[in-house]
Amino acid sequence: MSNEVTTAGSERRFQGVGVSPGIARGAVFVYRTDEEQPVVRKVEEREIPSEIARFEAALIATRGQILEMQERIAQSIGAKDASIFDAHLLVVEDRTLIDEVLRTLQRDRLNVESVFSQVAGRYAKTLSEIDDPYLRERALDIHDVTRRVVHNLMGKRGRDLASMTTPHILIAHNLTPSDTAQLNRSLVLGFATDAGSKTSHTAIMARSLNIPALVGLHDASEQLNTGDHVLLDGYNGLVIVNPTDQTLWEYGELEIKKTEVEEQLNKLRETQSTTVDGRHVILSANIEMPEDIEQVKLSGAEGVGLYRTEFFYLNRAELPTEEDQFEAYRKVAQEVQPHSVIIRTLDLGGDKFMSALNLPEELNPFLGWRAIRFCLEREDIFKTQLRAILRASAVGNVRMMYPMISGLEELRRANRLLEECRNELRAEGLPFNPDMEVGAMIEIPSAAIIADVLAKEVDFFSIGTNDLIQYSIAVDRLNERISHLYEPTHPAIIRLIRMIVDAGHAHSLWVGVCGEMAGDILLAPLLLGLGVDELSTGAALVPRVKRAVQSLDIAACLKLIEDVKHDDNAASILAKCEAVARSHYGDLL
Ligand code: PEP
Ligand code: MG
């Protein structure tokens, strides 16, 4: 199924779901994980001869491989079948193709694998579009040979998104959180994927990195080619190929308006997130990497409400040491002073994997050996992190929380290991804050239901709505096919949040929300009405949420809660939330 929605002249539009706001314009780089897809890298003039030599060597190697294969097939199946490879040999000997690659190499000064892949891709596309079965076959031959040549050029180096050196818009079938963590934010102008959803960690990272992004394009990565010129609209989830002058003008106007709104919002940096009738809601930011802290400071957030530490473990060959982690946590804690940072202990698994750990593949990784379950079995890894967090608590205002708590025993075991670490540090004479607040993320329905029991063992709750919704409604947060079922305003979700907040408050705990719901300004009236004390969201969204909180009054939020109490329809509840939002800060919507 294609998501191409309109075609006007040479302009083509693909509709997806916007997950990170902003507009980007530029040349596309299609990243294909199922093939040897080369990265685009600038080369110096002096490197051209060696690029040509590499290209020649790859053509010779490819020719040799085809001949070898032809011979093997001739012997095992017969000469007739082996003759299909004659066409492949013609491709590696095609002078027009080779000359064009050499010309483009001189002109664009890009690495030869990316040039070859681009030129050959264009040839194949032209042939495949001609209504002639023979030529369409030739297009397939070119695809096949291209893969082989590129593979030979790349050797064992494989793909490395981090090594791209030219600005581009990245289009991929899917990007894992590890892929996204490698992106160089100054070179990736924006990205769009066929798969994915709003609460995938890839989308969450795009918002942290401030990269305009969209997901759910179905097969656009098949239809777009490296080098295509596109406009990416992360607000409305659109990729526009070859935008017309009219489209470019309209987007220019939109950008001016958005910039005006952003400038207004930036003025709120030093102000408090307090409602019209005086209720202060702590508004903090989520981060994935220590570098994100700069954005947090610019956003006017009151500290970090969720530091997803697992990103520290991705894309590295070895586990981070206690010292590595201590340094990172200390830096963040110092940077956010006088506010606090809530460090979440390792939440590997689900959609985040560390290759060095060789975790076994699971059928249902989100329900599997992840997060606290993993940590309680790998005490060595867990205690290394707990010690680093405790040590950072001596330097700054550090709090800590456990992800994926499902029951009391799990929480108690984690706390026992924490106590062991405290004792070890005491014995070693290393400083830490003995009163560091320890909380539990409430993101599993079983934990929500026994929140009153868990409340006795912790200092605060932080509601992870991303997982709470997926587990409560049994809807995979990554699966775009069922994303319509992923409904934050499902009456069951509202009841669960109410239970958690009430249980926390009954035990004098503060209760925050750090899932993506916290950054959705349509839902701010609902969360405030339910009594949430803290909202933590991506730094880019903080100013908008602050404006929303400052425009609301608790009386209106409580009235909304009354209005939705007996409503059993998620869409109608959402409409009621939107009505309140619209009447208080319609200009933001
Ligand atoms: C959540 O589940 O809401 C959450 C904040 O954690 P993560 O998105 O990292 O699973
Ligand atoms: Mg979670």
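Which helices and strands each supply at least two residues of the shell around ligand 1? In this predicted model, the answer is a set of three: the helices α8 (201-209) and α18 (465-473), plus the strand β11 (304-308). Of the elements that feed into the shell, α18 gives the most, with 3 residues.

The shell as a whole is made up of 16 residues. His201, Arg308, Arg344, Asn466 and Arg477 are the closest of these to ligand 1. Sorted by class, the shell comes out as 7 charged, 5 polar and 4 nonpolar residues.

Next come the polar contacts with ligand 1. His201 puts a polar side-chain atom 2.7 Å from an oxygen atom of the ligand. Glu443 does a similar job with its side chain, where a polar atom lies 2.9 Å from a ligand oxygen. Asn466 goes about things through its backbone instead: a polar backbone atom of Asn466 is 2.7 Å from an oxygen atom of ligand 1. As for cover, ligand 1 on its own has 280 Å² of accessible area, and the protein covers 100% of it. And where does ligand 1 sit? It is found in the largest cavity.

Zooming out to the whole chain, the domain assignment splits it into three parts. Domain 1 comes in two pieces, 4-33 and 166-260, while domain 2 runs over 45-154 and domain 3 over 282-519. Measuring between C-alpha centres, domain 1 and domain 2 are 30 Å apart. Set against these bounds, α8 (201-209) falls within the second piece of domain 1, whereas β11 (304-308) and α18 (465-473) fall within domain 3.

Two spots in the backbone also deserve a look. One is the peptide bond between Gln337 and Pro338, which is cis, with omega at about 0°. Pro338 belongs to the loop that links α12 (322-336) to β12 (341-344). The other is His218, which has a positive phi of about 65° despite not being a glycine. His218 is also a loop residue, placed between β7 (213-215) and α9 (220-223).

Notes. Residues numbered from 1 in each chain as written. Chains lettered and ligands numbered in written order. Predicted model: local features only at pLDDT ≥ 70, side-chain atom pairs only at ≥ 80, totals over all residues. Heavy atoms only, no water. Near = heavy atom within 4 Å. Polar contact = N/O pair within 3.5 Å; in protein donor to acceptor, adjacent residues only side chain to side chain. Areas by Shrake-Rupley, 256 points an atom, 1.4 Å probe, with all protein chains shown as cover. 1 Å grid on protein atoms, 1.4 Å probe; cavity = no way out; pocket = protein on both sides within 12 Å on 5 of 7 lines; lining within 4 Å. Sits in = over half its atoms within 2 Å of the grid points. Helix = DSSP H or I, 4+ residues; strand = E, 2+ residues; numbered from the N terminus. Nonpolar A, V, L, I, M, F, W, Y, C, P; charged D, E, K, R; others polar. Domains from an automatic or database assignment.
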